[in-house]
Amino acid sequence: MRVLLTGGAGYIGSHTAVSLLEAGHDVIVLDNLSNSSPESLRRVQRITGHEVPLIIGDCTRQEDLEKAFQCGSRIDAVIHFAGLKAVGESVSMPLDYYSNNLDATFSLLRVMKKNGCGAIVFSSSATVYGTNETMPLREDFPTGCTNPYGWTKWMNERVLTDCAHADPELRVVILRYFNPVGAHPSGEIGEDPNGIPNNLMPYVCQFASGKLKTFTVNGNDYPTRDGTCIRDFIHVCDLAEGHVSALAYAAEHRGAEVFNLGTGNGYSVLEIVHAFEKANGLELPFRFGPRRAGDIAVCYANPEKAERVLHWHAKRGLEEMCRDAWHWQTKNPNGFRGAQ
Ligand code: NAD
Ligand code: WQD
């Protein structure tokens, strides 16, 4: 298939581009580069030997999307990664989040329809499970969010589902990612956050490298086995492979279907810290601090539906996640900035 990746220059999109190319698909990317660098796609080419055409444009603008659809031969399917994703920022800039993340989907659906493209895979998030306390989380559990970013995912799920019900030609797969971490084993592509990272693994990497001087574990009084939060960390290459399976499903099935992409294993923040130390032969002299506002104690997936229906499951373990994250960090201390 020929697949358009919106937001494909970003962290998950670039890894997915590698998996798609390796599976024999053709890939084209539309990205406004608001949170990424074109260097990521040059690296994808270095890994796979395939060039990835990049249209620099905004997914909220139908004319930019049209450029992607007019570039080269017919687009069979879209994987829609484009979006703003920082939870804290979404609380202070809700309108930017709602307009970017929703307008992008509205424009995309219109342009897809106009160009006879009926298959879309959407990047959603475990954040739509809100404050559910029953674990592991299954796709039919109640949803509801605690921040504007989460609500944009929730609303996009609704929009896509309603559109799929109204249009018999539309085939929607919604993927709820848990906590993607790690990098391609080549160390060529990885997560490249702007400024001080919000998320655990990139923070740990920059602390281990000496770029950040202190590392605080947020809360050790949660009702968990060691008092720290538990999450379902998933290797980004496993996540990328999940998209190849989702695409095959979307090509064949009408309507809308939701899948968790997680491992089903919950690891605590302390377990991540110790796994990182062991995998990379390092010490991380952390300190405990207060809880971070908005954090829930435990969150992990029931991945059975993806296994049963998509024939996909995560294969890589915690050691690989920690080793590959550190390999990317040491090979690219400044991310894609100043890259050769
Ligand atoms: P990322 O920021 O690395 O990638 C998103 C890409 O979208 C960036 O390259 C950015 O430049 C681009 N973009 C943003 N708005 C755009 C627009 N209007 N037009 C064109 N391009 C636009 O993020 P990521 O971690 O690769 O996440 C990809 C998707 O997965 C996002 O939708 C995110 O919300 C979702 N997601 C991410 C995580 C995570 O922890 N990384 C978890 C769950 C869901
Ligand atoms: C994990 C744990 C932190 C940094 C976020 C989004 C979610 C999804 C994935 C997009 C928490 C703790 C962190 C640090 C720490 N993204 N921590 N010290 O919050 O589970 O999920 O990314 O959809 O929507 O909310 O991931 O990596 O930020 O945090 O102790 O320096 O690590 O408090 O307990 P989270 P995270």
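Here is a short back-and-forth about a predicted model, covering its two ligands, some of its strands and a few backbone oddities.

Reader: Let's start with ligand 1. Which element gives the largest share of the shell around ligand 1?

Author: Around ligand 1 there are 25 residues, and Asp 31, Asn 35, Ser 36, Phe 81 and Tyr 149 come nearest. Helix H1 (11-22), S5 and H6 are the elements that give two or more residues to that shell. The largest share, three residues, comes from S5.

Reader: And how much of the accessible area of ligand 1 does the protein cover?

Author: Look at the polar contacts to begin with: a backbone N or O atom of Ile 12 sits 2.8 Å from an oxygen atom of ligand 1, and an N or O atom in the side chain of Ser 36 is 2.7 Å from an oxygen atom of the ligand. The side chain of Asn 100 also has an N or O atom 2.8 Å from a nitrogen atom of ligand 1. On its own the ligand has 810 Å² of accessible area, and the protein covers 95%.

Reader: What does the shell around ligand 1 look like by class, and how many of its residues are charged?

Author: Nine residues of that shell are nonpolar and 12 are polar. The charged ones number four.

Reader: Over to ligand 2. Which residue has a polar side-chain atom 2.5 Å from an oxygen atom of ligand 2?

Author: The residues that come nearest, of the 18 around ligand 2, are Ser 125, Tyr 149, Arg 231, Arg 292 and Asp 295. Ser 125 puts a polar side-chain atom 2.8 Å from an oxygen atom of ligand 2, while Thr 216 uses a polar backbone atom, 2.8 Å from a nitrogen atom of the ligand. The side-chain contact at 2.5 Å belongs to Asp 295.

Reader: How much of ligand 2 is covered, and which element gives the most to its shell?

Author: Protein covers 85% of the 690 Å² of accessible area that ligand 2 has on its own. Two elements give two or more residues to the shell, helix H7 (200-208) and strand S8 (216-218). The one that gives the most, with three residues, is S8.

Reader: How many nonpolar residues are in the shell around ligand 2?

Author: Sorting that shell by class gives seven polar and three charged residues. The nonpolar count is eight.

Reader: Now S5 itself: is this strand enclosed or open, and why?

Author: Ala 119, Val 121, Ser 123 and Ser 125 point one way from S5, with Ile 120, Phe 122 and Ser 124 pointing the other way. Side chains in a regular strand alternate between the two faces of the sheet. Seven of the seven residues of S5 (residues 119-125) are buried, so the strand is largely enclosed.

Reader: Which strands does S5 pair with, and what is the handedness of the crossover from S5 to S6?

Author: With strand S4 (residues 77-80), S5 pairs in the parallel sense over four bridges, and Ala 77 has Ala 119 as its bridge partner. With strand S6 (residues 171-177), the pairing is parallel too, over seven bridges, and Ser 124 is partnered by Arg 176. The chain gets from S5 to S6 through helix H6 (residues 148-166), and this β-α-β crossover is right-handed.

Reader: There's also an open sheet of three strands. Which strands stand at its edges?

Author: The order is S12-S9-S14, with mixed pairing. Strand S9 (residues 230-231) runs parallel to S14, joined by two bridges, and Ile 230 has Val 298 as its partner in S14. Each edge strand has a single partner, so one side of each lacks a neighbour in the sheet; those strands are S12 (267-268) and S14 (298-299).

Reader: Any backbone oddities? Where is the cis peptide bond?

Author: Most peptide bonds are trans. Here omega is about -5 degrees at the cis one, and Pro 136 lies in the loop between S5 and H6. The bond joins Met 135 and Pro 136.

Reader: Is His 311, with its positive phi, buried or exposed?

Author: His 311 has a phi of about 55 degrees although it is not a glycine. The residue is found in the loop between helix H10 (304-310) and helix H11 (318-331). Exposed means over 50% relative accessible area, and at 65% His 311 counts as exposed.

Key. Residues numbered from 1 in each chain as written. Chains lettered and ligands numbered in written order. Predicted model: local features only at pLDDT ≥ 70, side-chain atom pairs only at ≥ 80, totals over all residues. Heavy atoms only, no water. Near = heavy atom within 4 Å. Polar contact = N/O pair within 3.5 Å; in protein donor to acceptor, adjacent residues only side chain to side chain. Areas by Shrake-Rupley, 256 points an atom, 1.4 Å probe, with all protein chains shown as cover. Nonpolar A, V, L, I, M, F, W, Y, C, P; charged D, E, K, R; others polar. Buried < 20%, exposed > 50% of the residue type's maximum accessible area, 1.4 Å probe, protein only. Pairing = 2+ DSSP bridges. Right-handed = clockwise from strand over helix to strand, strands pointing away.
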